[in-house]
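Me: Could you take me on a close look at one well-enclosed part of this model, and then show what sits around it? I'd like to know what it touches and what the wider packing looks like.

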Amino acid sequence: MKELPEYYQPWMEIANKLPYLIESHQLRACVNKVLPRSLAIPMVEVSKILGLPPILAHSDLVLTNWTKKDPKGPLEISNLETIVSLPGGESLRGFVLVTVLVEKAAVPGIKALAQAISAILQSNEDTLLKALQRLRLSIQDITRTLGQMHDYVDPDIFYAVIRIFLSGWSDNPAMPKGLMYEGVSTEPLKCSGGSAAQSTVLHAFDEFLGVCHSEESADFLCRMRDYMPPSHKAFIEEIHSAPSLRDHILDRGQACCLEAYNLCLEALVELRSYHIIIVTKYLITAAARARSRGASHLPEPSQALENRGTGGSVVLSFLKSVRDQTQKAILPLRD
């Protein structure tokens, strides 16, 4: 569904023109760090119904913001389009739709995870082994799919344009006090911007595989769960409360399942290492290139956010930490 009912047509007209309205400065500028009452009140009320914070999150920009050009055609980038866009042109489209395909690549892994938990409950080692093999293949497919960012997203446009709209107003040096929601609160609200950490996928894989992160990283990831649809957050909590795969492997698992478990972790390490490469290109290298052109080349928020991810994390140290903790979860093989 691309359009809301007729009652909401004024909203849809603005949404469909967002890139033009922003680039032509026809939207009210938030120079006072205030979201006007006419936007703040409905945004907060709708967000309450959805169980989400009142800010653009991963579920808004990615999970519910795509449609097929040909409904009967394949779920491939050539047959996909965004529903609502932002400045960034084809790079914004590519960023959203490649991320959609990353979520698609994770589907077999999520299904395998559920099958593996069932196999543990039934003490069925053959089914568990097959599920772990499918999970590994899914993680590897996620890594391959993520590589399409190079084909569809220009690093300079991502850094200077797209990232501004994903930055949020929590842990944001450009907006240290947060954003005032007029008519909603007498104090500014602090909300994190859209982030890959708000996707259920890696949270689910970490919980299932028993990956334990550092206190700082775990706190950030836990906070990002509040930006997921409630059913997604509940799914992760269900995995957390399920029988431990890691304990099963250590206590009763066959050698082949131990090896398959480690291969899943190795694939996850490779995915996280590749994510670091992507972030280095689109954030660190793009920032250096922007500085070399002179400070006036970029809007102020980009300069203030140089070393931070869109969710507010100090990006490279966070990504390296979660990658290294995943590596540490790999178990020694039995003799």
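Reply: What follows starts at helix 9 and works outward.

A quick word on the ground rules: this is a predicted model, where local features need pLDDT of at least 70, side-chain atom pairs count only at pLDDT 80 or more, and totals for chains, interfaces and linings use all residues. Residues are numbered from 1 along each chain as its sequence is written, and side-chain values use heavy atoms, with hydrogens and water left out.

Helices here are DSSP runs (H or I, at least four residues), numbered from the N terminus. In helix 9, eight of the ten residues are buried, so the rest of the structure largely encloses it. Buried means under 20% relative accessible area, exposed over 50%, and partly exposed in between, using a 1.4 Å probe and protein chains only. The buried set is Thr200, Val201, His203, Ala204, Phe205, Asp206, Phe208 and Leu209. Their cover includes helices 5, 6, 10, 11 (230-241), 12 and 13. Just past the end of helix 9, Gly210 has a positive phi of about 75°.

Now zoom in on Phe208. Skipping neighbours within four places in sequence, Phe208 is in contact (heavy atoms within 4.5 Å) with Leu113, Ala116, Ile117, Leu132, Leu135, Ile239 and Leu245. Phe208 also turns up, with Phe95, Leu209 and Leu245, among the residues with the most contacts inside the largest nonpolar core, which has 58 residues. Such a core is a set of buried Ala, Val, Leu, Ile, Met, Phe, Trp, Tyr and Cys residues joined through side-chain atoms within 4.5 Å. Helix 4 (58-63), helix 5 (89-121), helix 6 (125-146), helix 9 (200-209), helix 12 (245-251) and helix 13 each give two or more residues to this core. Helix 5 supplies the largest share, 16 residues. Apart from this core lies another of 25 residues, including Leu179, Tyr227, Ile276 and Ala286.

Helix 10, part of that cover, has a partner of its own. Helix 10 (215-224) packs against helix 15 (315-328) at about 105°, with axes 10 Å apart. That makes the pair roughly perpendicular, a label for angles of 65 to 115 degrees. The touching residues are Ser217, Phe220 and Leu221 from helix 10, and Phe318, Ser321 and Val322 from helix 15.

One last stop is helix 13 (residues 255-293), home of His275. An unreviewed UniProt entry lists His275 under "binding site", and such annotations may be inferred rather than shown by experiment. His275 counts as partly exposed, at 25% relative accessibility.

Terms used:
Axes fitted to C-alpha atoms, helices over the stretch in contact; angles between N-to-C directions. Parallel < 35°, antiparallel > 145°, perpendicular 65-115°, else oblique.
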